[in-house]
Amino acid sequence: MLTGVIEFRIDRRSGVSTYVQIVQQVEQAMRLGLLTAGDRLPSAREVVEAIAVNPNTVLKAYRELERAGLVEARRGLGTFVTRSLSSEATTGGDAPLRRELAGWLGRARERGLVVEDVDALYFAVRDEHYPPPEERS
Amino acid sequence: MNSRRQPHQALPVIADGVGKRYRRGWALRETSLVIPQRRIVALVGPNGAGKSTLMGLITGLLRPTTGGITVFGDRPTGKGLHPEVAYLAQQKPLYPQFTVTETLMLGARTNPTWDQGYAEHLVEQAAVPLSAKVGTLSGGQRTRVALALALGKRPSLLLLDEPLADLDPLARETVLRTLLAEAREQGITVLLSSHVLAELEGVCDHLVLLHGGRVLLAGDVDQLSARGTSLGQLALNRMREAAAQEEAA
């Protein structure tokens, strides 16, 4: 069996539906350059052998990614990533912005901040720079 | 496995206004639903919602007070399970003094459609020694043997009453994985009940939510959660709605 480049991790108690978690994990891997154009996603069968997820759930996630133009299903071959979502700024462990963030997190830890402190700070500053969209009800 | 039988073509379950009353009151009222083929169905609801009663009606162990139910087109006779149905009760009744081999022999003797090779394959896959006494096995291993016993019958519909209740998280994942793989391979329908919906998130593709003996929600998960709501949230929302309606009435 082929080992896929991506292994899904499903948190059943997160309140986020499983197919959305799969979509998000593929997108995230694409943004970090871990998945790029031409890479094959694991087949529904491979996913089911690795984690307890219904194959239909996997296929639903792949359809969603296909609709977004991120992957394409090739008959008999599998589902492939069609484009890259990463840039020099996000790819690799030594991307400059990543290094800066790592430095910042290192200092936060030295100061004794816990993960909740870090999240609170990050989201507060993030919202200043990237205003959240209007609340949808 | 090439000895596989074709799964039955009729609808696994059709319930038409079915109700069940015990001396203490109604356990299930006016329930109408269809369980389609080749689904992993989560039968969920709080304790006392009517899950076990519905399963009992499908097996024929219980008789409906009102309405009717058909299983693969037939009415349950009450004289034993439908040949296409396997049922695993919550306590997973196995004889602790029996070895795994003896347990499978029992399955062979009581099921005309028994597939010994397939049952042994499932036990071996679980790495359970055939010579081990059932009483010495872990909860996860016991469940795998019970599953082999149920699947060895080659059913088209497998009923599992709270199969995960006594398992640790790791064993739960393994059991679910086996179940999903076999269901897919054999093209069978699995109906499993749980009072913890979250543990079936991403596992089932059809949902039946019971509460107070009534169906609050039934359908394919794809349709029910079109906007990506988790199953737990979906059920919670529906139960709140129902509670609000009750209060208003």
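Asp220(B) and Arg39(B) form a salt bridge in this predicted model, with their closest N and O atoms 2.9 Å apart. The pair ties together distant parts of the chain, 181 residues apart. Asp220(B) sits in strand E9 (residues 214–220) of chain B, while Arg39(B) is in the loop between strand E2 (25–35) and strand E3 (40–44). At 21% relative accessibility, Arg39(B) counts as partly exposed, since the buried class stops at under 20%.

That loop has another residue to look at. Arg38(B) is also found between E2 and E3 of chain B, and Arg38(B) has a positive phi of about 55° although it is not a glycine. Most residues other than glycine have a negative phi. With 53% relative accessibility, Arg38(B) counts as exposed.

**Salt bridges**

Over all chains, the structure holds 13 salt bridges. Side chains of opposite charge can pair when their charged atoms come close. Here are four of the pairs, with the distance taken from N to O.

| Pair | Closest N and O atoms |
|---|---|
| Asp220(B) and Arg39(B) | 2.9 Å |
| Glu173(B) and Arg12(A) | 2.9 Å |
| Arg63(A) and Asp222(B) | 3.4 Å |
| Asp127(A) and Arg126(A) | 3.6 Å |

Take the bridge between Glu173(B) and Arg12(A). Glu173(B) lies in helix H5 of chain B and Arg12(A) in the segment before helix H1 (18–31) of chain A, so the pair joins two chains. Glu173(B) is partly exposed, at 27% relative accessibility, whereas Arg12(A) counts as buried at 13%.

The bridge between Arg63(A) and Asp222(B) also has a partner in each chain. Through shared partners, salt bridges join Lys60(A), Arg63(A) and Asp222(B) into one network.

Asp127(A) and Arg126(A) pair up inside chain A. Both ends are partly exposed: Asp127(A) has a relative accessibility of 32%, and Arg126(A) has a relative accessible area of 34%.

**Where the chains meet**

Now for the interface as a whole. Chain B brings 24 residues to the contact and chain A brings 21 residues. Between them they bury about 1700 Å², with carbon and sulfur atoms giving 45% of that area. Three residues stand out on the chain B side: Arg177(B), Arg184(B) and Glu201(B) supply 29% of the area that chain B buries against chain A, more than any other three residues.

The count of salt bridges between chain B and chain A is three. On top of that, the interface has 14 residue pairs in polar contact, both partners at pLDDT 80 or more. Which element gives the largest share of the side of chain B that touches chain A? That would be H5(B), with eight residues.

Asn54(A) is a nice close-up of the interface. Its place is the loop between helix H2 (44–50) and helix H3 (55–67) of chain A, and at 2% relative accessibility Asn54(A) counts as buried. Leaving aside neighbours within four places in sequence, Asn54(A) is in contact with Val48(A) from its own chain, and from chain B with Ile40(B), Leu180(B), Gly202(B), Val203(B), Cys204(B) and Asp205(B). For one of these, the atoms can be named: the side chain of Asn54(A) reaches the backbone oxygen of Val203(B) at 2.8 Å. Within chain A, Asn54(A) and Val71(A) are 17 residues apart in sequence and 20 Å apart in space, C-alpha to C-alpha.

**Around strand E6 of chain B**

Are the two faces of strand E6 (residues 157–160) of chain B buried or exposed? Leu157(B) and Leu159(B) on one side are buried, and so are Leu158(B) and Leu160(B) on the other.

E6(B) has strand partners too. It pairs in the parallel sense with strand E5 (residues 85–88) of chain B over four bridges, and Leu88(B) stands opposite Leu160(B). Four bridges also join E6(B) to strand E7 (residues 189–194), again running parallel; here Leu159(B) stands opposite Leu191(B).

H5(B) comes back into the picture at this point. E6(B), helix H5 (residues 169–186) and E7(B) make a right-handed β-α-β unit. In the loop between E6 and H5 of chain B you'll find Glu162(B), whose phi is near 45°, a positive value in a residue other than glycine. At 6% relative accessibility, Glu162(B) counts as buried.

Technical notes
Residues are numbered from 1 along each chain as its sequence is written. Chains are lettered from A and ligands numbered from 1 in the order in which they are written. This is a predicted model: local features need pLDDT of at least 70, side-chain atom pairs count only at pLDDT 80 or more; totals for chains, interfaces and linings use all residues. Side-chain values use heavy atoms; hydrogens and water are left out. Buried means under 20% relative accessible area, exposed over 50%, partly exposed in between (1.4 Å probe, protein chains only). Two strands pair if DSSP finds at least two bridges between them. A crossover is right-handed if, with the strands pointing away from the viewer, the path from the first strand over the helix to the second runs clockwise. Contact means heavy atoms within 4.5 Å. Buried area is the accessible area (1.4 Å probe) that two parts lose on being put together, summed over both. A salt bridge is a side-chain nitrogen of Lys or Arg within 4 Å of a carboxyl oxygen of Asp or Glu. A polar contact is a pair of N or O atoms within 3.5 Å; within protein, one must be able to donate a hydrogen and the other to accept it, and residues adjacent in sequence count only if both atoms are side-chain atoms.
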